[in-house]
Protein chains: 2
Amino acid sequence: MEHGEPKERFSFELMEQDPAGARLGRIVTPRGKVDTPAFMPVGTKATVKAMTPEELESMGVEMILANTYHLYLRPGHGLIKDLGGLHRFMHWPRPILTDSGGFQVFSLAPLRKITEDGVSFRSHLDGSECYLSPERAVEVQEALGSDIIMPLDECPPSTADREYAKSSMELTLRWAKRSKESKTSLSQALFAIVQGGMYRELREESAIRSVEMGFDGYAIGGLSVGEEKELMYEMTSASTSKLPREKVRYLMGVGTPEDIIEASGMGVDIFDCVLPTRCARNGTLFTSRGKLVIKNSQYERDGAPVDEDCGCYSCRNYTRAYLRHLYMAGEILASRLNTIHNLYYYTSLMRRIRDSISQGGFAEFRKEFYALRS
Amino acid sequence: MEHGEPKERFSFELMEQDPAGARLGRIVTPRGKVDTPAFMPVGTKATVKAMTPEELESMGVEMILANTYHLYLRPGHGLIKDLGGLHRFMHWPRPILTDSGGFQVFSLAPLRKITEDGVSFRSHLDGSECYLSPERAVEVQEALGSDIIMPLDECPPSTADREYAKSSMELTLRWAKRSKESKTSLSQALFAIVQGGMYRELREESAIRSVEMGFDGYAIGGLSVGEEKELMYEMTSASTSKLPREKVRYLMGVGTPEDIIEASGMGVDIFDCVLPTRCARNGTLFTSRGKLVIKNSQYERDGAPVDEDCGCYSCRNYTRAYLRHLYMAGEILASRLNTIHNLYYYTSLMRRIRDSISQGGFAEFRKEFYALRS
């Protein structure tokens, strides 16, 4: 794995579009390509929890997400820059997308205060005063050296009324403009984030006006924050309906295997979510027949692998009984083997989605996926 | 890695003896060979904490230790036997030595009561009543299927008076005899354990009388339990002085790199200790120049590897600054990378000890080892 200087610019090629709406594409970044639809494991604090970069690569992970908020607070973007940037720091030579910190400021940090200029907040670690503006968020991500930068946005709660959702969307648009103006790096891509709460027409307007400004790609933010599934799908669809075919689309923080299949069908290209890694550490495993809770006593003497149909390292070498034992004993290896399994499940799911699109059979794949679980 | 049925019997070949007393040897077991002096990482609960078997193999680990006491309590030796034995259960196809549970009963379990027949105690997990006799300890280890079985022994505290140390040694000898008589498996080796507290003549007597009974190898128990280093070395030397050249010698639960070098010089062949794995999880790293405490602020921006002279995965790919960040953030990867480093340090140390013996330069190696740290 090399950590050389980026050579290529960011690009996205749309290769196929399934009649059902799902898209097959390829992102090219200075750090390598990403076949889409793609899932990014979350590497919050410069590590995808319990995994080495080599393990992620061996599963076919092509891009990960890291959290600007967390790295800004600890160890600090200046330190990471001084040590050669985030890729070198964490020994991951492939593409990294960093979020802007907006979502974490609104979900984790106490005493936040939003003004036109930016947001002040206190660190959830030590209570110290911090400040992020659109310019500062770009500066931090330029220091980190991620391949895709997200602009600072405001994430309204799912219960926001129309007026708040509208003014918040306007603020996010003004911040997107400032982000674009402040960016200095040529090798890093900048996306915009579509907001607009749970209002279809605001989502459409946010998408249209973001596209008018012109970004390298478009994210859909502020979803999966407590709303009903149907509403989330409606807002996703409203957003993608006004996004240009030729630009990559990223649904932030979503989601379950079902969410990913549904949103892929609406033309979303990239996803991230803590679900596979967090569930793994809590002993919940994804299988072709649904979720399996490894601590359940029914697995105590079960000599079968987690999923007979799975080819991951954990399923090839260990029984449910052993994984249950490790989990009950609080062993670190439990988190490792469970995370390997769940990320392999997600990367395999994305591969099957891509294969089905390339063969014009996405609708059929979707039907079979649900049939196995009923 | 295969889990076939054992073919060969246990044997030990003494290949070289350094003028200083250190021995180069080879253990052959049904599950493969072990070059000695060797260090066994501790896999307490059927996993060497934070490691996969493949990682251990890649470092050159040839044998591990597992704890009968812990596996007896959870998940139970019957379960492990039903699932094909400990090797298959934990996916480690190479030799395993199991202790008898004696040390844990005396150090962990509350309300223990020793009689001539055995020891009753309460589980430290749930307080349930448990019982181990010499016969039961052998039966449990036969169910686990380990390659080397240790007999139940009594470990007196380092402060035991002569009378207690003597009667405890006598009990351990009677239990060793019963262990030998009760063993049914031909493919598993059985060692005896030399006890005798901190009394040279009791140590010698224990060794002599154990050897008279005849075992596949001899362990030195009841050391590194709080006594002074010099006393530990004296007791080790007293024990090895009465052990036969042609049988393998195992110093239980020892120790630091220095301890291992000193005891190797006294003709000890195998070692086990939680030190490298436990220290790793606490952020203490072994290097050619001594210990390094990774959380220290001096490493915050340190772009060097933990040890410039180390070839382990962690040192080849990560900086002290990154390892410090992972440790401060409580990341699982910290335990992984630190454990890889420390076990690599220990396996490299053993390799250097073996190389020096084979070249007749153990005394010189020992001198150089200490010179680097002063």
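**Two chains and how they meet: a walk through the model**

Let me begin with a cysteine: the sulfur of A:Cys279 lies 8.3 Å from the closest cysteine sulfur, which belongs to A:Cys273, and that is too far for a bond. I should say straight away that this is a predicted model, and that every value I mention has been computed from it. A:Cys279 is also buried, since its relative accessible area is 12%. In chain B we can look at B:Cys155, whose closest cysteine sulfur, in B:Cys273, is 14 Å away, again too far for a bond. B:Cys155 counts as buried too, at 13% relative accessibility. How many disulfides does a search of the whole structure find? Over all chains, the search finds zero.

Let us turn now to the place where the chains meet. Here 39 residues of chain A are in contact with 39 residues of chain B, and between them the two chains bury about 3,200 Å², of which 57% is on carbon and sulfur atoms. On the side of chain A, the residues that lose the most area to chain B are A:His325, A:Ile332 and A:Arg336, which together account for 18% of what that side buries.

As for charged and polar pairs, six salt bridges are counted between chain A and chain B. One that you can find for yourselves joins B:Arg336 to A:Glu55, with the closest N and O atoms 2.8 Å apart. Across this interface there are also 16 residue pairs in polar contact. The elements of chain A that give two or more residues to the side touching chain B are α1 (53-59), α3 (77-82), α4 (86-90), α12 (313-317), α13 (320-328) and α14 (332-358). Which of them gives the most? That is α13(A), with five residues. If we sort the residues on this side of chain A by kind, they divide into 19 nonpolar, eight polar and 12 charged.

The α13 helix of chain B deserves a moment as well. Seven of the nine residues of α13(B), which runs over residues 320-328, are buried, so this helix is largely enclosed by the rest of the structure. The buried residues are B:Arg320, B:Ala321, B:Tyr322, B:Leu323, B:Arg324, B:His325 and B:Leu326. What covers them? The cover comes from both chains, and includes α2 (68-73) and α4 of chain A together with β16 (290-293) and α14 (332-358) of chain B. Just after α13(B), B:Gly330 takes a positive phi of about 70 degrees.

I would like to finish with two charged residues, one from each chain. A:Arg26 is found in strand β2 (residues 23-29) of chain A, and with a relative accessible area of 31% it is partly exposed. The side chain of A:Arg26 makes a polar contact of 2.8 Å with the side chain of A:Asp35. A:Arg26 and A:Met15 are 11 residues apart in sequence, while their C-alpha atoms are 7.3 Å apart in space. Beyond its neighbours within four places in sequence, A:Arg26 is in contact with several residues, including A:Ser11, A:Phe12 and A:Lys33.

In chain B, B:Glu262 is found in helix α10 (residues 257-265). Is B:Glu262 buried or exposed? At 14% relative accessibility, B:Glu262 counts as buried, and its side chain makes a polar contact of 2.9 Å with the side chain of B:Arg366. Leaving aside neighbours within four places in sequence, B:Glu262 is in contact with B:Tyr233, B:Arg366 and B:Tyr370.

Definitions and conventions
Residues numbered from 1 in each chain as written. Chains lettered and ligands numbered in written order. Predicted model: local features only at pLDDT ≥ 70, side-chain atom pairs only at ≥ 80, totals over all residues. Heavy atoms only, no water. Contact = heavy atoms within 4.5 Å. Buried area = accessible area lost by both parts, 1.4 Å probe. Salt bridge = Lys/Arg side-chain N within 4 Å of Asp/Glu carboxyl O. Polar contact = N/O pair within 3.5 Å; in protein donor to acceptor, adjacent residues only side chain to side chain. Helix = DSSP H or I, 4+ residues; strand = E, 2+ residues; numbered from the N terminus. Nonpolar A, V, L, I, M, F, W, Y, C, P; charged D, E, K, R; others polar. Buried < 20%, exposed > 50% of the residue type's maximum accessible area, 1.4 Å probe, protein only. Disulfide = S-S within 2.5 Å.
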